[in-house]
Amino acid sequence: MDLGSNIRTVRKRKGITIASICAATGLSQGFMSQLENNKTSPSISTLEQIAEALDVPLVYLLLKKEDRMQVTRKKDRHQTAGGTSHVSISHIGRTPHLRMTIVELAPGASSGDTPHSHEGEEVHVVVRGTVTAEQGEDRYVLSEGDAFSWNAGVPHRVWNEGEETAIVLIAVYTDTPREAEPI
């Protein structure tokens, strides 16, 4: 963990001097310098004081860079295709166990000609248009604003029988962490 660099980054971003942190915490400038250069480690109570002086939650200072908030701009989303033709998948966000996509299904497009299964649990929200979702004996026609969820280990299929492109927001959770994939 790069605790000292995390503290320095937050301090500089907020325009706070080492002297100000020391005045607020009672710590010496030498100690803060060593801390920011990862040459010493603070106690939890000292770290709480520093977090309070920086006006950030203590846990934020302990996060690894890869565990911090990730931002994906619309222009930077990774685009793929899937299912039958005319299915566009826009990868919008992920953590090791959760990923989110926006799927556009043109009229007549589907997630595949036959139901498929995979690890995980899924939650879908129909953002625009109408889709039909099928899992086993369950089949529902869903419209804008409707949501559905299922265990993805049971074969399932989604398709657009409508006359306009359907857009579905999908969150997929897996117990097994996934390698970082482009978004």
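## A walk through the sheets, the pocket and two loops

Start by selecting Thr132 and Val141: Val141, in β6, is the bridge partner of Thr132. Before going further, keep in mind that what you have on screen is a predicted model.

**Stop 1: the three-stranded sheet**

Now widen the selection to β5, residues 130-135, and β6, residues 138-143. These two strands pair in the antiparallel sense, over six bridges. They form a hairpin with two residues between the strands, and Gly136 there takes a positive phi near 60°. Click on Gly136 if you like to check backbone angles yourself.

Next, add β8 to the view. β5 and β8 are also antiparallel, and four bridges connect them. For one of these contacts, select Ala133 together with Val158, its bridge partner in β8. With the three strands shown, you can read off the order of this open sheet as β6-β5-β8, with antiparallel pairing. β6 and β8 are its edge strands, each pairing on one side only. Going from one strand to the next, the twist averages 15°.

**Stop 2: the six-stranded sheet**

Move on to the other sheet and colour its strands in the order β1-β2-β3-β9-β4-β7. This sheet is open too, and its pairing is antiparallel. Its edge strands are β1 and β7 (147-151), and each of them pairs on one side only. On average, neighbouring strands here are turned by 25° against each other, with direction ignored.

Begin at the β1 end. β1 runs antiparallel to β2, and four bridges join the two. Select Ala81 and you will find Ser88 of β2 standing opposite. The two strands form a hairpin with five residues between them, and in the turn Gly83 has a positive phi of about 65°.

Then jump to the β7 end, where β4 and β7 pair in the antiparallel sense over five bridges. Two positions are handy to select here: Val123 stands opposite Ser149 in β7, and His124 stands opposite Phe148 in β7.

**Stop 3: the two faces of β7**

Stay on β7 and show its side chains. Which of them point to the buried face? Phe148 and Trp150 point to one face and are buried, while Ala147, Ser149 and Asn151 point to the other and are not. This fits a general pattern: in a regular strand, side chains alternate between the two faces of the sheet.

The cut-off for buried is under 20% relative accessible area. Phe148 has 11%, so it counts as buried. Trp150 has 9% and therefore counts as buried as well.

Keep both rings in view, since the structure holds one aromatic pair. Phe148 and Trp150 make up this pair: their ring centres are 5.1 Å apart and their planes are at 65°, so the pair is edge-to-face.

**Stop 4: the largest pocket**

Now switch on a surface and look for the largest pocket, which has a volume of about 440 Å³. To centre your view, select Ile89, Val103, His116, Glu122 and Ile170; of the 20 lining residues, these lie nearest the pocket centre. The elements that give two or more residues to the lining are β2 (87-94), β3 (98-105), β4 (121-128), β8 (156-159) and β9 (166-173). Which strand gives the most? That is β3, with four residues. Try colouring the lining by class: nine residues are nonpolar, nine are polar and two are charged.

**Stop 5: two loop residues**

Finish with a pair of loops. Select Glu66, in the loop between α5 (58-62) and β1 (78-81). Is Glu66 buried or exposed? The cut-off for exposed is over 50%, and Glu66 has 55% relative accessibility, so it counts as exposed. Add Thr95 to the selection: the two residues are 29 apart in sequence, and their C-alpha atoms are 9.2 Å apart in space.

Last, select Val56, which lies in the loop between α4 (44-54) and α5. Val56 has a relative accessible area of 13%, so it is buried. Show Val10 alongside it: 46 residues separate the two along the chain, and the distance between their C-alpha atoms is 8.6 Å.

Definitions and conventions: Residues numbered from 1 in each chain as written. Predicted model: local features only at pLDDT ≥ 70, side-chain atom pairs only at ≥ 80, totals over all residues. Heavy atoms only, no water. Buried < 20%, exposed > 50% of the residue type's maximum accessible area, 1.4 Å probe, protein only. 1 Å grid on protein atoms, 1.4 Å probe; cavity = no way out; pocket = protein on both sides within 12 Å on 5 of 7 lines; lining within 4 Å. Points joined across faces, edges and corners; volume = space filled by probe spheres on them. Nonpolar A, V, L, I, M, F, W, Y, C, P; charged D, E, K, R; others polar. Pairing = 2+ DSSP bridges. Axes fitted to C-alpha atoms, helices over the stretch in contact; angles between N-to-C directions. Phe/Tyr/Trp six-rings, centres within 6.5 Å; stacked < 30°, edge-to-face > 60°.
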